[in-house]
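I opened a fresh page in my notebook to look up one protein, going from its overall build to single residues. The sequence and the structure come first, and my entries follow.

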Amino acid sequence: EVTAYGTFSKYKVEYEELLLEGNVVVMEKDNKIRGDQLILDLANSTSIMTAKTNSRVTAQINKLNDEE
């Protein structure tokens, strides 16, 4: 299960597009990706995470204990 949230969200029905802005976090299990903006294209199953000019998108990827 993947969860995403931010300070602001907007869903564009006609484009099947979800925009999240402001302290965006995407979580799946123990993994987290953080940025300033996330655009989810639900029709094409794609997403773009961006950061402001002087910051970066960050990712925290954790290996699960039962995987080798």
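Before counting anything, I noted what the count rests on: helices (H or I, at least four residues) and strands (E, at least two) are DSSP runs, numbered from the N terminus. I also wrote down that this is a predicted model.

**Entry: overall build**

With that definition at hand, I looked up the secondary structure and found zero helices and six strands, which, read along the sequence, give the pattern β-β-β-β-β-β. Taken along the principal axes, the C-alpha atoms fill a box of roughly 45 × 30 × 20 Å. I then looked up the surface, and the accessible area of the protein comes to about 5,500 Å², with 46% of it belonging to carbon and sulfur atoms. The protein has 68 residues, and 15% of them count as buried. Among the contacts with a separation of 6 or more, 28% are between residues 24 or more positions apart.

**Entry: strands β2 and β3**

Next I followed the pairing of β2 and β3, which run antiparallel and are joined by five bridges. One of the pairs I looked up is F8, whose bridge partner in β3 is E21. The two strands form a hairpin with four residues between them, and in the turn I noted E16, which has a positive phi of about 50°.

**Entry: the nonpolar core**

Which residues make up the largest nonpolar core? I listed six in all, namely L20, V24, V26, L38, L40 and M49. Both β3 (17–28) and β4 (31–41) supply at least two residues of this core, and the largest share, three residues, comes from β3. Beside this list I copied a general remark, that in soluble globular proteins nonpolar side chains tend to be buried together. I then took L40 from the core and looked up what it touches: leaving out residues up to four places away in sequence, its contacts are E16, E17, L18, T46 and S47. I had already met E16 in the turn of the hairpin.

**Entry: a nonpolar patch on the surface**

My last search was on the surface, where Y11, V13 and L42 form a nonpolar patch, with about 300 Å² of accessible area together. Of these I followed Y11, which is found in strand β2 (residues 8–12). Why does Y11 count as partly exposed? Its relative accessibility is 42%, so Y11 falls in between the limits, under 20% for buried and over 50% for exposed.

Notes
Residues numbered from 1 in each chain as written. Predicted model: local features only at pLDDT ≥ 70, side-chain atom pairs only at ≥ 80, totals over all residues. Heavy atoms only, no water. Core = buried A, V, L, I, M, F, W, Y, C linked by side-chain atoms within 4.5 Å. Buried < 20%, exposed > 50% of the residue type's maximum accessible area, 1.4 Å probe, protein only. Contact = heavy atoms within 4.5 Å. Patch = residues over 30% accessible without salt bridge, like charges linked within 9 Å, V, L, I, M, F, W, Y side chains within 5 Å. Areas by Shrake-Rupley, 256 points an atom, 1.4 Å probe, with all protein chains shown as cover. Salt bridge = Lys/Arg side-chain N within 4 Å of Asp/Glu carboxyl O. Pairing = 2+ DSSP bridges.
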